[in-house]
Every structure is written in structure tokens, then in C-alpha cells.
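Hi,

Here is the structure I said I would pass on. Have a look at it first, and then read my notes below.

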Amino acid sequence: MEIKKASDLKKGSNFSALIYAPPGTGKTSTIKYLPGRTLVIDVDRTTIVLAGEENIDIVYADLNDTEVGFKKMLKEIHNNHIKDYDNIVIDNISELEQAWLGEKAKLSRTKDGRAMGIPEMGDYNKFSFFITDLIRYVNSWEGVNKVYTAWETTRQIETPGGQIYNQFIPKIREKIIENVMGLVNLVGRLVISEETGNRGFILQPSNSTFAKNQLSDAKYAKQEEIWKFEDEE
């Protein structure tokens with residue numbers, strides 16, 4: 001059993017974060033601002049925006065074997081390559097979910113093989129355990145920061161007073177979204193200013209935005225400053 005003093009912990013070290021936004025708005029580009037060397041696990045094949053970045057390496061996930069192959073890849077990274085990196089990024093878990101369900105749909109083709117079936121309800125529930133266990137496993141890796149990206153969607157929430165709001169959330173199964181949020185230190189929604197065109201993250205939770213920040217007191221952060229925290233030296 002290892003006991004650590006809270007006074008020795010650093011918020012900008014060994015953290016976990018989930019950032020989300022609609023496709024094409026800059027989630028993947030935000031990765032280049034991570035300090036140190038970064039390994040990106042490319043699920044949705046959008047890492048071309050990182051071309052030319054010398055401190056970033058990319059490994060392409062095998063989406064033809066999502067359930068088994070993805071776990072094998074993570075184990076290989078942990079056992080053989082983790083010492084070479086300061087940051088591990090999974091880009092993105094929304095597409096990982098779609099690839100998982102697509103794989104299940106292929107397995108349920110009609111008997112004549114002409115039409116693809118649909119995932120069964122049990123497949124959705126199984127994925128819920130798969131993704132949360134995956135995040136727990138990656139979060140257990142010592143000495144590296146963990147970043148997950150996701151697309152954006154909305155849900156309706158009702159306040160105790162009966163008011164109904166549309167809230168922006170990461171595109172993950174709604175039944176597990178609170179669970180996933182509890183597994184990371186930071187959840188940020190990337191937005192683009194209509195006036196200036198500048199990009200930044202909302203880090204403060206509200207009725208309209210699903211967010212969380214355990215790493216600093218910041219309610220907002222510029223895209224290029226999202227990985228800078230208060231107690232960094």
C-alpha cells in the first residue's frame with residue numbers, strides 16, 4: 001500500500017480530462033498544446049490536423065476488431081511504450097462507441113446476408129461497461145496525463161423548480177455520462193466566439209453546459225491555455 005501526501009500532488013501532473021465539441025471545431029487541434037510528448041490513439045481518423053507536430057506520435061485503432069483489438073492495443077501501449085510519453089490521448093470515444101455498435105450490427109446480419117442487422121439492447125449495455133472499464137484502466141497508468149475527446153450533442157434536463165433546459169453534453173450514452181464525468185478531473189466544452197472567431201473552453205457546469213474542473217479555479221480557458229494549471233512550476 002502506497003500512501004501519498006496531498007501536499008505532494010500536482011494538479012498539472014497525471015490528470016485526466018474529457019473535451020468535447022461538434023466535429024471540425026478544434027478538439028483534435030487542442031492536443032498539440034499538451035506539454036511534452038504525446039501519443040494519440042486515432043479512432044476517428046482526424047489526426048491529419050496535427051501534421052508537422054514533432055512531439056506527437058499517432059497510432060491508428062483497428063476498428064474491425066473494436067471489442068478485443070482495442071484492449072490488446074492499450075495493453076501493448078502500457079507494457080511497451082508508455083515510458084516514452086507524457087500524454088496519452090484517445091480521439092475520440094464517441095466514434096469508438098459507433099464502431100463498437102457497428103461491429104455488433106455486422107454480427108447480426110439477416111440470414112441471407114444481404115442486410116446488416118442492428119445492435120441488440122444487450123450490446124448497448126455491454127458497451128457501457130466496456131467504455132467505463134477502459135477509462136478506469138487508462139486512468140490507472142502512472143506518470144502520464146490522460147485525455148479523451150468526444151463529439152457534442154444535447155439533452156433535456158429539468159430543474160427541481162420544473163424548468164426545462166437543453167444542455168450541451170459529450171456524445172456518450174446518456175445512461176453512463178455521469179459515471180464517465182466522475183472518472184475524469186476535467187470536462188470542457190470547446191466553443192467558437194461568433195464575434196472574434198477565437199476558440200475557448202467552458203469549464204464551469206451550468207444548466208446549458210455539461211462541464212467540470214478539479215484542476216483549477218478557472219471557469220473558462222483559451223484553447224491554447226487549457227492545459228495550464230495554477231500550481232504548475
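The buried residues of α4 pack against α2, β4, α3, β5 and α5 (177–182). Those buried residues are Asp123, Phe127, Ser128, Phe130, Ile131, Thr132, Leu134, Ile135 and Val138. The helix itself has 19 residues, and from its first C-alpha to its last it reaches 28 Å, close to the 27 Å expected at 1.5 Å a residue. Keep in mind throughout that this is a predicted model.

Now for α2, one of the elements that α4 packs against. Does its length fit what a helix should give, or how far apart are its ends? The 15 residues of α2 (residues 66–80) should span 21 Å at 1.5 Å a residue, and the end C-alpha atoms are 21 Å apart, so the two agree. On the buried side of the list for α2 you will find Thr66, Glu67, Gly69, Phe70, Met73, Leu74 and Ile77. Their cover includes three strands, β2 (38–42), β3 (56–60) and β4 (87–91), along with the helices α3 (93–107) and α4 (121–139).Glu67 deserves a closer look, as a charged residue in α2. Glutamate 67 counts as buried because its relative accessible area is 18%, and the cut-off is under 20%. Leaving aside residues up to four places away in sequence, glutamate 67 touches Trp100, Glu103, Lys104, Lys126 and Phe130. Alanine 99 is 32 residues from glutamate 67 along the chain, and their C-alpha atoms are separated by 9.3 Å.

Lysine 106, in helix α3, comes out another way: its relative accessibility is 43%, so lysine 106 counts as partly exposed. Between the C-alpha atoms of lysine 106 and glycine 117 there are 6.5 Å, with 11 residues separating the two along the chain.

On to the strands. How many of the residues of β4 are buried? The count is 5 of 5, and both faces are covered, with Asn87, Val89 and Asp91 on one side and Ile88 and Ile90 on the other. β4 has a parallel pairing with β2 over 5 bridges, in which aspartate 42 stands opposite aspartate 91. β4 also pairs in the parallel sense with β5 (residues 145–150), over 4 bridges. There, asparagine 87 has asparagine 145 as its bridge partner.

Just where β4 gives way to the next loop, check the backbone: aspartate 91 and asparagine 92 are joined by a cis peptide bond, with omega at about 5°. Asparagine 92 sits in the loop between β4 and α3.

Another backbone point is arginine 45, in the loop between β2 and β3. Its phi is near 60°, a positive value in a residue other than glycine. Arginine 45 has a relative accessible area of 43%, which means that it is partly exposed.

Is lysine 146, which belongs to strand β5, buried or exposed? Lysine 146 is buried, because its relative accessible area is 1%. Not counting residues up to four places away in sequence, lysine 146 touches Asn14, Phe15, Ser16, Ala17, Ile88, Val138, Asn139 and Trp141. Two of these contacts lead back to elements above: Ile88 is among the buried residues of β4, and Val138 is among those of α4. Asparagine 185 lies 39 residues from lysine 146 in sequence, and the C-alpha to C-alpha distance between them is 9.8 Å.

I also looked at the second largest pocket, which holds about 220 Å³ of space. Its lining is made up of 16 residues, and those nearest its centre are Gly24, Thr25, Gly26, Lys27 and Thr28. By type, the lining divides into 4 nonpolar, 8 polar and 4 charged residues. Helix α1 (residues 27–30) gives the most to this lining, with 3 residues.

Finally, the chain as a whole. It has 5 helices and 11 strands, and 46% of its 233 residues count as buried. Among the contacts in the chain with a separation of 6 or more, 63% are between residues 24 or more positions apart.

If you open the model, I would go to the loop after β4 first, where asparagine 92 carries the cis peptide bond with aspartate 91.

Cheers

Technical notes
Residues numbered from 1 in each chain as written. Predicted model: local features only at pLDDT ≥ 70, side-chain atom pairs only at ≥ 80, totals over all residues. Heavy atoms only, no water. Helix = DSSP H or I, 4+ residues; strand = E, 2+ residues; numbered from the N terminus. Expected span 1.5 Å × (residues − 1). Buried < 20%, exposed > 50% of the residue type's maximum accessible area, 1.4 Å probe, protein only. Contact = heavy atoms within 4.5 Å. Pairing = 2+ DSSP bridges. 1 Å grid on protein atoms, 1.4 Å probe; cavity = no way out; pocket = protein on both sides within 12 Å on 5 of 7 lines; lining within 4 Å. Points joined across faces, edges and corners; volume = space filled by probe spheres on them.
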